[in-house]
Protein chains: 2
Amino acid sequence: MPSDSTLPAVAAFSSLGGQRVWSLMVSLFGDLAQGEGDAIDGPVLSTIMGALDVRPEASRVALHRLRNDGWLQSHKVGRISQHSLTAQGRAESAAASPRIYAAPPDLLEPWQMVMTEENGRETDAALRAAGFIPALPRAYVGPVGKAPEGCLALRGETPPDWLRRAVEPAELESEYDALLVALTTTENELARVRHMDAVDVAVLRCLIVHNWRRLALKHPALPGGVIRPKWSGYQCHLLVDQMLRRYPQPALQDLAATSAAG
Amino acid sequence: MPSDSTLPAVAAFSSLGGQRVWSLMVSLFGDLAQGEGDAIDGPVLSTIMGALDVRPEASRVALHRLRNDGWLQSHKVGRISQHSLTAQGRAESAAASPRIYAAPPDLLEPWQMVMTEENGRETDAALRAAGFIPALPRAYVGPVGKAPEGCLALRGETPPDWLRRAVEPAELESEYDALLVALTTTENELARVRHMDAVDVAVLRCLIVHNWRRLALKHPALPGGVIRPKWSGYQCHLLVDQMLRRYPQPALQDLAATSAAG
């Protein structure tokens, strides 16, 4: 069950939806045990999942699914199970990490506008795959440096508000707004908390990383130079970065010790 | 009738169409007598129009029309008529002259891309009025320096071929091609001509200025930096500029003397 320290955070994030247990577990392993050889002991995992308000039965089902999917593996060591990412799970976690853990972009970061000859699907797909964001018909906003052959690439200048809004993922607007409320609430509540043990920190980080990556990985990163400072997605990024730095990843052995003492 | 020196030029340009006599006369006065107090004597005008292969009756009708339109005025001085631009005719000639007589643009001339928030008619009209050329949906190419409020203005870079073609006036393509043939033919024929008197020069200039302005004034000037060097419109501009500089405007008194001697 949630501890006194993390109860408000668990409550704040629970309303956001999308808390599928297997997905939460992917976030947890990616955050705590992405290194080669890292493993989480069964009792530690149970304690954390319990603190995240997940029933033991639901955790077992999720573990089973992730093992079947080739994401996690479990080994018996003496009387306890140790769970770890497979090579595939580790590779996929590593691929997503740069984006999830990126520092918030500099709002003066250069960007470029890339304009295409045609409205072709292939060009559109290639540009989106390269991280470009459609902004106007046949015109995409993206990071500087990689302009596809045959396109017109123009260096970005301070953009008007309508362009900043045009590149925001409109379909995630209400979700980013809700995440910002949860993050702000959590940050305020944390100011009252005297002590966070290793499990508390693991739980808090899992909630933050999980709910952040659910949104951030659904759209390309916006170059800082086109970000509207009041955009919820950017405000979330600032808070996520701030809190993850304030509460660094606990070491796995500290987690084991805390969990055993709890 | 055309002189031996200008006959090939008259023939080369005659196939281009659009040689309405009143319009040809507008070009002539704009080229020869745009200064305040400038006037063309009746006999000189008759000689030039004859050399342009215009029948006397057609010249008289055109003169009448231009007087009625407030473009030209005629005064009797002794036994001859003197024809001159009215203040209005002079003002309108002066307004068109910078574009007609502009040197060909530097192909490295800076340009900008201006992008609009909406597809609105008002914005479109304002941008076109300011000399901007629609290049993509909601994106216009224009000279640097004047970007309308609320638009995104990006500095131009070396453009791909498709953008250069996109800003060319497609509807004038065959007309510019034909003009280029006429100008090239004329330039080649002129190489064989030993002597051009003042009337010959006036006739040649009138043909060049008239047929050039008919096309050039129908579309906004392309910033040099987006011009496709092989574009007929640009090749015409180079030849027009070259020939007008090689055959400068004759003085009105030289014209009178040549005409009287002819």
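Select A:Met113 and A:Leu154: in β7(A), A:Leu154 is the bridge partner of A:Met113. Helices and strands here are DSSP runs, numbered from the N terminus (H or I and at least four residues for a helix, E and at least two for a strand). This is a predicted model, in which local features need pLDDT of at least 70 and side-chain atom pairs count only at pLDDT 80 or more, while totals for chains, interfaces and linings use all residues. Residues are numbered from 1 along each chain as its sequence is written, chains are lettered from A and ligands numbered from 1 in the order in which they are written, and side-chain values use heavy atoms, with hydrogens and water left out.

**Stop 1: the strand around A:Met113**

Keep A:Met113 selected and add A:Val141, its bridge partner in β6(A). Now select residues 111-115 of chain A, which form strand β4, and residues 139-143, which form β6. The two strands run antiparallel and are joined by 5 bridges. A:Met115 stands opposite A:Ala139 of β6(A). On to β7(A): β4(A) pairs with β7(A) over 4 bridges, again in the antiparallel sense. Two strands count as paired if DSSP finds at least two bridges between them.

Is β4(A) mostly covered or mostly open? It is mostly covered, with 5 of its 5 residues buried. Buried means under 20% relative accessible area, exposed means over 50%, and partly exposed lies in between (1.4 Å probe, protein chains only). In a regular strand the side chains alternate between the two faces of the sheet. Colour A:Trp111, A:Met113 and A:Met115 for one side of β4(A), and A:Gln112 and A:Val114 for the other; all are buried, and both faces are covered.

**Stop 2: the whole sheet, then the whole chain**

Widen the selection to the 4 strands of this open sheet in chain A, in the order β5-β6-β4-β7 with antiparallel pairing. At the edges are β5 (133-136) and β7 (152-155) of chain A, each paired on one side only. Neighbouring strands of the sheet are turned by 35° against each other on average, direction ignored. For such angles, axes are lines fitted to C-alpha atoms (for helices over the stretch in contact), and the values run from 0 to 180 degrees between N-to-C directions.

Show all of chain A. It has 11 helices and 7 strands. Its C-alpha atoms fill a box of roughly 65 × 40 × 25 Å along the principal axes. Of its 262 residues, 48% count as buried.

**Stop 3: a smaller selection in chain B**

Select β1 (40-41) and β2 (72-77) of chain B, the edge strands of a second sheet, each of which pairs on one side only. The sheet is open, has 3 strands in the order β1-β3-β2 and is paired antiparallel. Between β1(B) and strand β3 (residues 80-85) of chain B there are 2 bridges. One residue pair to pick out is B:Ile40 and B:His83, bridge partners, the latter in β3(B). Helix α2 (residues 21-32) of chain B packs on this sheet and touches β1, β2 and β3 of chain B, its direction making about 85° with that of β3(B). Contact means heavy atoms within 4.5 Å.

**Stop 4: helix α1 of chain B**

Select residues 7-14 of chain B, helix α1, where B:Ala9, B:Val10, B:Ala12 and B:Phe13 are buried. Look down the axis of α1(B): the buried residues fall within an arc of 165°, so they line one face of the helix. The arc is that of the directions from the helix axis to the C-beta atoms. Their cover includes α3 (42-51), α8 (173-190) and α9 (198-216) of chain B.

**Stop 5: B:Arg228**

Where is B:Arg228? It lies in the loop between α9 and α10 (232-246) of chain B. B:Arg228 counts as buried because its relative accessibility is 15%. Leaving out residues up to four places away in sequence, B:Arg228 touches B:Asp161, B:Arg164, B:Arg165, B:Glu168 and B:Tyr234.

**Stop 6: where the chains meet**

Show both chains. The contact takes 22 residues from chain B and 22 from chain A. About 1700 Å² is buried between them, and carbon and sulfur atoms give 72% of this area. Buried area is the accessible area (1.4 Å probe) that two parts lose on being put together, summed over both. Select B:Leu152, B:Leu154 and B:Trp162, which supply 34% of the area that chain B buries against chain A, more than any other three residues.
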